[in-house]
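Let's go through this one together, question by question. Have the sequence and the model open beside you.

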Amino acid sequence: QVQLVESGGGMVQPGGSLRLSCVASGFPLSWYDMSWYRQASGKERELVASITSAGSSTNYADSVKGRFTISRDNAKKTTYLQMNILKPDDTAVYYCNADRTIFGTRYAYWGQGTQVTVSS
């Protein structure tokens with residue numbers, strides 16, 4: 001059974017930090033690019049950060065560059081999102097995504113999401 005399970009969300013004051021984790025099971029994580037998305041209330045889901053399957057390349061939304069860091073440990077089947085200097089605008093449900101395209105067929109999996117609330 002394919003599963004992505006996020007954890008680490010919660011409530012934090014502006015300027016604080018959180019680390020999100022996403023544990024994969026039921027598929028070979030090391031074959032997949034991994035991403036974190038977020039969706040704020042009333043807004044569309046947006047890409048926050050992504051990392052290639054081997055971890056050799058990362059990409060970030062302009063709004064989080066310099067504050068967030070995505071990383072992965074394929075041996076632990078876990079992807080992380082370290083979030084520093086959090087702002088109220090970072091408040092959203094954060095989703096983990098696994099993505100791979102092979103021979104023209106796309107395989108994509110999503111976690112259930114974890115809530116992050118930044119408020120004083």
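**Core, pocket and charge pairs**

Q: Which residues touch the most other members of the largest nonpolar core?
A: Keep in mind that this is a predicted model. The largest nonpolar core holds 29 residues, and strand 4 (33-39) and strand 8 (78-83) are among the strands that each supply at least two of them. Those touching the most other members are Met-34, Trp-36, Leu-81, Met-83 and Tyr-94.

Q: Is Ser-35 buried or exposed?
A: Ser-35 sits in strand 4, and its contacts beyond four places in sequence include Leu-47, Ile-70 and Tyr-95. Its relative accessibility is 9%, and the cut-off for buried is under 20%. Ser-35 therefore counts as buried.

Q: How many charged residues are in the lining of the largest pocket?
A: This pocket has about 170 Å³ of space, and Arg-38, Lys-43, Glu-44, Glu-46 and Asp-89 are among the residues lining it. The lining also has 2 nonpolar and 2 polar residues. The number of charged ones is 5.

Q: In which loop is Asp-90, the salt-bridge partner of Arg-38?
A: The closest N and O atoms of Arg-38 and Asp-90 are 2.9 Å apart. This pair links distant parts of the chain, 52 residues apart. Arg-38 belongs to strand 4, while Asp-90 lies in the loop between strand 8 and strand 9.

Q: Asp-99 and Arg-106 form a salt bridge; which of the two is exposed?
A: Their closest N and O atoms are 2.5 Å apart. Asp-99 is buried, at a relative accessible area of 16%. With 59%, the exposed partner is Arg-106.

Terms used:
Residues numbered from 1 in each chain as written. Predicted model: local features only at pLDDT ≥ 70, side-chain atom pairs only at ≥ 80, totals over all residues. Heavy atoms only, no water. Core = buried A, V, L, I, M, F, W, Y, C linked by side-chain atoms within 4.5 Å. Buried < 20%, exposed > 50% of the residue type's maximum accessible area, 1.4 Å probe, protein only. Helix = DSSP H or I, 4+ residues; strand = E, 2+ residues; numbered from the N terminus. Contact = heavy atoms within 4.5 Å. 1 Å grid on protein atoms, 1.4 Å probe; cavity = no way out; pocket = protein on both sides within 12 Å on 5 of 7 lines; lining within 4 Å. Points joined across faces, edges and corners; volume = space filled by probe spheres on them. Nonpolar A, V, L, I, M, F, W, Y, C, P; charged D, E, K, R; others polar. Salt bridge = Lys/Arg side-chain N within 4 Å of Asp/Glu carboxyl O.
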